[in-house]
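Please open the model in your viewer and keep the sequence panel visible. The stops below are given in the order in which they may be selected.

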Amino acid sequence: MIRRLDLDLRTGVRLACRAVGEGSPRVILLHGFPEAAFVWDEILLGLAPPWAAMAPNLRGYPGSSHPTEVNSYRPAHLVADLVALIESTGGPLELLVAHDWGGAIAWNLAARRPDLLKRLLIINSPHPVAFLRELRDNPAQQAASAYMNRLCQPDAESLLARDDFARLLRMLGTAGWLTPALRERYREGWRQGLTGALNYYRASPLRPPTGPADALHSLLLSDEDFTVRVPTTVLWGEQDQALLPGLLHGLDRWVPDLRIVRVPEASHWIIHEAPDRVIALIREWLDA
């Protein structure tokens, strides 16, 4: 059974979490946009027993704190939430699993605080330096990520809410996993507000440049600051229309202990499309 936990962290943020298993959480799973912690439910149930696992709604998402300032969604604050969550629920993790925006936080945490996790599993989420390279130099990735600039506009909330969130549902696609019940589950969360989730995009400098003077062209991310020294597996659905395979090129430059698992038939939404495969990969690594 999945339990609901509301945890008040020393960062001043409350995170609404979903948890299974007893004892300290040994696995934490981080969601992305436009999702929430419930997307991990099938994975959570597949891990316990014997593992204790937890999936938080990140700041700005339903049930968790919604800081009003855009700068409150900068990476340093998001990483601080995760550090506080790990330390307040039993200390270093066996495994951190993260998808999409959750992956952005996880990459940063693993580089800055490798003492807090033994292993990292990233699912369709680009390493920050690789993402900077592709956004700066790859026209195909610039085009695929153009939606990021649209999500930063002041009217993004109202546009996404039109026609009962039709645009957001189109982002998820038309695959069979998106049942009527799951569509409504998504809508329930979106009705609670989109500003917090959109502020992740507004606060990030990593989005396609809009011209030669764009700040992205002068942004510097050092290899040393973003080198991940914990064993890492990257699970990648190659049909992802927003995050292209070029993001995997040269990834071992920043992740020395790296395994890449490519799934040619899966998309960005591989958690929904192939949950059994995700569970098997996690359990294989944990059991080893």
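Begin by selecting helix H3 (101–112), which provides the largest share of the lining of the largest pocket, 5 residues. The model is a predicted one, and the pocket holds about 820 Å³ of space. Next, display the residues that lie nearest the pocket centre: Trp 101, Ala 104, Pro 126, Phe 131 and Met 148, out of 42 that line the pocket. To see which helices contribute, colour H2, H3, helix H4 (128–137), helix H6 (146–151) and H7; each of them supplies at least two lining residues.

Keep Trp 101 selected and add Phe 33, Tyr 61, Tyr 73, Tyr 147, Tyr 200 and Tyr 201. Ring pairs link these seven side chains into a cluster. Across the whole structure, a search finds 9 aromatic pairs. Zoom in on Tyr 61 and Tyr 200: their ring centres are 5.9 Å apart and their planes stand at 70°, so this pair is edge-to-face, the class for planes over 60 degrees apart. Which parts of the chain does the pair tie together? Tyr 61 belongs to the loop between strand S4 (53–56) and helix H2 (75–88), and Tyr 200 to helix H9 (residues 195–203), so the contact joins parts 139 residues apart in sequence. Tyr 61 counts as buried, at 4% relative accessibility, and Tyr 200 is likewise buried, at 0%.

For a second ring pair, select Tyr 186 and Trp 190. Here the centres lie 5.4 Å apart and the planes meet at 35°, so the pair is classed as tilted. Both residues are in helix H8 (residues 180–190), 4 residues apart, about one turn of the helix. In an α-helix there are 3.6 residues a turn, so residues three or four places apart point the same way.

Now show the whole of H8. Are Tyr 186 and Trp 190 buried or exposed? Both are buried, and in H8 Leu 182, Arg 187 and Gly 189 are buried as well. The buried residues of H8 cover an arc of only 160° around the axis, which places them on the same side of the helix. Rotate the view to the face turned away from that buried side, where the exposed residues Pro 180 and Ala 181 are found. Then add helix H7 (156–172) and helix H10 (270–273), against which the buried residues of H8 pack.

H8 also leads to an enclosed space. The count comes to 2 cavities of 30 Å³ or more, and the largest contains about 100 Å³ of space. Select Pro 34, Glu 35, Tyr 61, Pro 62 and Trp 190, the closest to its centre among the 15 residues that line this cavity. H8 gives the most to the lining of the largest cavity, with 4 residues.

Two further stops complete the tour. Return to the loop between S4 and H2 and select Asn 71. Asn 71 is exposed, with a relative accessible area of 54%. Add Arg 202 and draw a distance between the C-alpha atoms: the two residues are 8.5 Å apart in space, although 131 residues apart in sequence. Finally, select Arg 259 and Trp 285; Arg 259 lies over the face of Trp 285, at 6.0 Å from the ring centre.

Terms used. Residues are numbered from 1 along each chain as its sequence is written. This is a predicted model: local features need pLDDT of at least 70, side-chain atom pairs count only at pLDDT 80 or more; totals for chains, interfaces and linings use all residues. Side-chain values use heavy atoms; hydrogens and water are left out. Rings of Phe, Tyr and Trp (its six-membered ring) pair if their centres lie within 6.5 Å; planes under 30 degrees apart count as stacked, over 60 as edge-to-face and the rest as tilted. Buried means under 20% relative accessible area, exposed over 50%, partly exposed in between (1.4 Å probe, protein chains only). A charge sits over a ring if NZ of Lys or CZ of Arg is within 6 Å of the ring centre and within 35 degrees of the ring normal. The arc is that of the directions from the helix axis to the C-beta atoms. Contact means heavy atoms within 4.5 Å. On a 1 Å grid over the protein atoms alone, a cavity is a set of points where a 1.4 Å probe fits but cannot get out, and a pocket is an open set with protein on both sides within 12 Å along at least five of seven lines; lining residues have an atom within 4 Å of a point. Grid points are joined across faces, edges and corners, and a volume is the space filled by probe spheres set on the points.
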